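Biologist: I'm new to this one. Could you walk me through how to read a couple of its features?

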Amino acid sequence: MTGKFRGFLSGVKAELPQLGTAGSRSARLHAEDTGAAEPDSRFDFVPANADGLKRTTTAQWRTFFILRWVGTVGSLLIAFGALGAGALPVVGNPYDNVPFGSLMSRMLQTSSAIVMVGVGLLVAAWVFLAPFVGTPLRQPQEGSLTPTRARRLVTTHQLWRTWAGWVIPLIFTAPLFTQDIYSYLANGSIVMQGMDPYSAGPVQLLGAGDELARSVPFIWANSPSPYGPVALGLAGVVSAVTSNSILLGVIAHRLLSIAGIMVAGWAISCLARRCRVSPESALWLGILNPLTILHLVGGIHNESIMLGLLLVGMELGLRGVDKLEKSTRSAYLALIASGVFLSCAGMVKVTGFIGLGFVGMAYARHLIDKERASRWKALAYAIALQLVILIATIALISALTGIGLGWITGQGGAASIRSWLSTSTAVGVGTGFIGMLLGLGDHTEAILTVTRTFGVLVAVAFMARMLFATLRGRIHPVGGLGTASLVLVIFFPVVHPWYILWAVLPLAAWANRLIFRFCVVAYSAAMSFFVLPRGLGLPPSTIIVIYVSAACTFAVIAGLWWVAVRRSGIRVLN
């Protein structure tokens with residue numbers, strides 16, 4: 001009887017979903033080159049020799065030149081249309097005094113359509129650049145002479161120059177796709193004046209008549225600041241330097257975002273070489289990504305600074321771990337610097353603190369492998385090191401900025417937003433709607449509390465799983481960080497289109513499986529069109545006019561461009 005019962009339990013267990021070894025499935029996003037004559041076509045391998053980057057032919061260079069200019073023209077159109085369709089301030093609009101600013105502000109539908117056409121050109125240029133960095137857009141046909149190994153036709157320097165051409169036109173235009181920049185400006189003014197940004201909202205602290213406070217989005221106008229002391233400290237410096245000028249403040253914050261992206265790009269290149277992934281592919285997927293350009297530069301979101309600090313901290317931390325066998329002093333200096341950068345990233349947005357865990361696991365792994373320490377002893381040392389650095393950094397930043405610890409308990413303000421991209425929120429809202437249809441009453445808020453809590457618990461559990469997988473050496477720290485961030489974004493209570501960059505930028509330096517890149521391309525290309533330039537809701541009829549007119553205009557431009565390049569004998573696809 002006991003044997004039959006055990007057999008029954010074994011059968012039930014076999015039918016249940018299998019979790020597998022921690023990190024085993026996530027690690028399949030990356031593979032190392034084994035040197036086989038016919039490598040696995042599912043991955044993009046970096047050749048061991050210097051022949052991986054072939055000399056670019058004249059025809060290929062012409063194609064690359066055209067695509068670079070298509071993206072630049074798209075950025076110019078975005079910048080021009082943003083003067084009327086962007087997230088303009090409620091009062092004291094300085095863009096009315098910019099050439100064509102007053103004209104464009106009176107043509108919301110036309111200027112919005114111009115922006116969306118520019119977005120289309122930028123996305124098309126980015127997608128068609130894929131073959132130049134070793135990511136084919138289509139599989140080679142049977143019997144073709146296409147090489148099995150991807151060829152990289154451009155260098156990182158050429159990609160950086162391309163990125164500069166796509167970003168520079170956006171520096172001086174109006175904010176795009178969001179009103180959040182006015183919250184940054186208002187909170188910077190609050191910090192500069194010595195007030196506590198965590199005590200009340202901008203309207204209460206600055207007054208209802210203040211120009212900066214009146215332009216803050218409604219959800220944040222009467223709420224304490226949701227930003228950490230590093231973000232607020234930088235906003236305070238901008239406020240002091242620009243004397244609370246909206247125009248100069250927008251430009252200064254945008255330059256900070258660009259600096260953050262440049263630092264992130266440097267770190268991505270270093271991490272990609274460390275993980276044996278093409279730096280060109282990593283830069284293309286992460287830094288030239290339309291979501292990065294449109295939302296981190298155009299929308300001026302704090303994620304640019306957070307990701308820059310996070311990725312630099314990861315690179316410094318892994319360098320420190322590598323140096324432990326050679327120079328203990330320089331190794332621990334690198335680890336301390338890493339902890340400071342990662343702590344500062346978390347004091348921009350709390351998700352930046354995740355990097356501390358993965359660098360700590362890499363350090364603990366070294367202690368286990370090289371110092372012969374027990375697992376729990378190594379784990380205790382790693383936690384103690386990161387905790388000491390974190391506390392010291394928080395104390396230092398608080399002393400430098402004069403900002404208190406209110407940010408620790410003030411992180412839940414965005415939970416009132418119902419984001420359809422959030423899995424937990426979508427399930428909660430959908431379940432509540434079904435309940436109302438069945439006549440059970442409106443219990444949506446209670447259901448959202450349950451689904452969002454469950455989603456956060458799932459994300460935290462997966463993150464812990466990736467941390468232990470890193471400790472056991474089953475997944476690279478960069479891969480663990482990226483996959484944990486991806487699951488966090490999926491189950492986060494509030495998700496915006498650019499939140500996926502929390503995962504894409506680290507994974508770009510580690511995940512070389514082509515299906516991952518295809519998924520990122522599909523998501524990024526689609527989400528680039530899902531937010532209107534004004535960043536606010538518009539009547540359905542207006543939205544339809546904007547999208548239809550933009551689609552028709554883009555179709556005409558793309559058709560003429562395609563005919564022209566084909567008649568010139570230029571092939572855009574591979």
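Biologist: Which residues line the largest cavity?

Modeller: First, the general idea: rolling a probe the size of a water molecule over the atoms shows where empty space is left. Keep in mind that this model is predicted. Here, the lining of the largest cavity is made of Met306, Leu310, Thr351, Gly352, Ile354, Leu481, Ser485, Leu488 and Trp502. The space inside comes to about 50 Å³, and the whole structure has three cavities of 30 Å³ or more.

Biologist: Which helix gives the most to that lining?

Modeller: That's helix 20, with three residues. Helix 20 (477-491) and helix 14 (303-323) each supply at least two. By class, the lining has six nonpolar residues, three polar ones and no charged ones.

Biologist: And where does the largest cavity lie?

Modeller: Domain 2 (305-403) and domain 3 (423-494) both contribute lining residues, so the cavity lies between them.

Biologist: OK, now helix packing. How do helix 4 and helix 22 pack?

Modeller: Generally, two packed helices are described by the angle between their axes and the distance between the axes. For helix 4 (residues 108-128) and helix 22 (residues 514-527), the angle is about 170 degrees and the axes are 10 Å apart. The two helices are therefore roughly antiparallel.

Biologist: Which residues meet there?

Modeller: From helix 4, Val123, Trp126 and Val127; from helix 22, Val520, Val521, Ser524 and Ala525. That contact counts six nonpolar residues, one polar and no charged.

How values were computed. Residues are numbered from 1 along each chain as its sequence is written. This is a predicted model: local features need pLDDT of at least 70, side-chain atom pairs count only at pLDDT 80 or more; totals for chains, interfaces and linings use all residues. Side-chain values use heavy atoms; hydrogens and water are left out. Axes are lines fitted to C-alpha atoms, for helices over the stretch in contact, and angles run from 0 to 180 degrees between N-to-C directions. Helices (H or I, at least four residues) and strands (E, at least two) are DSSP runs, numbered from the N terminus. Angles under 35 degrees count as roughly parallel, over 145 as roughly antiparallel, 65 to 115 as roughly perpendicular and the rest as oblique. Contact means heavy atoms within 4.5 Å. Ala, Val, Leu, Ile, Met, Phe, Trp, Tyr, Cys and Pro count as nonpolar, Asp, Glu, Lys and Arg as charged, and the others, Gly among them, as polar. On a 1 Å grid over the protein atoms alone, a cavity is a set of points where a 1.4 Å probe fits but cannot get out, and a pocket is an open set with protein on both sides within 12 Å along at least five of seven lines; lining residues have an atom within 4 Å of a point. Grid points are joined across faces, edges and corners, and a volume is the space filled by probe spheres set on the points. Domain bounds come from an automatic or database domain assignment.
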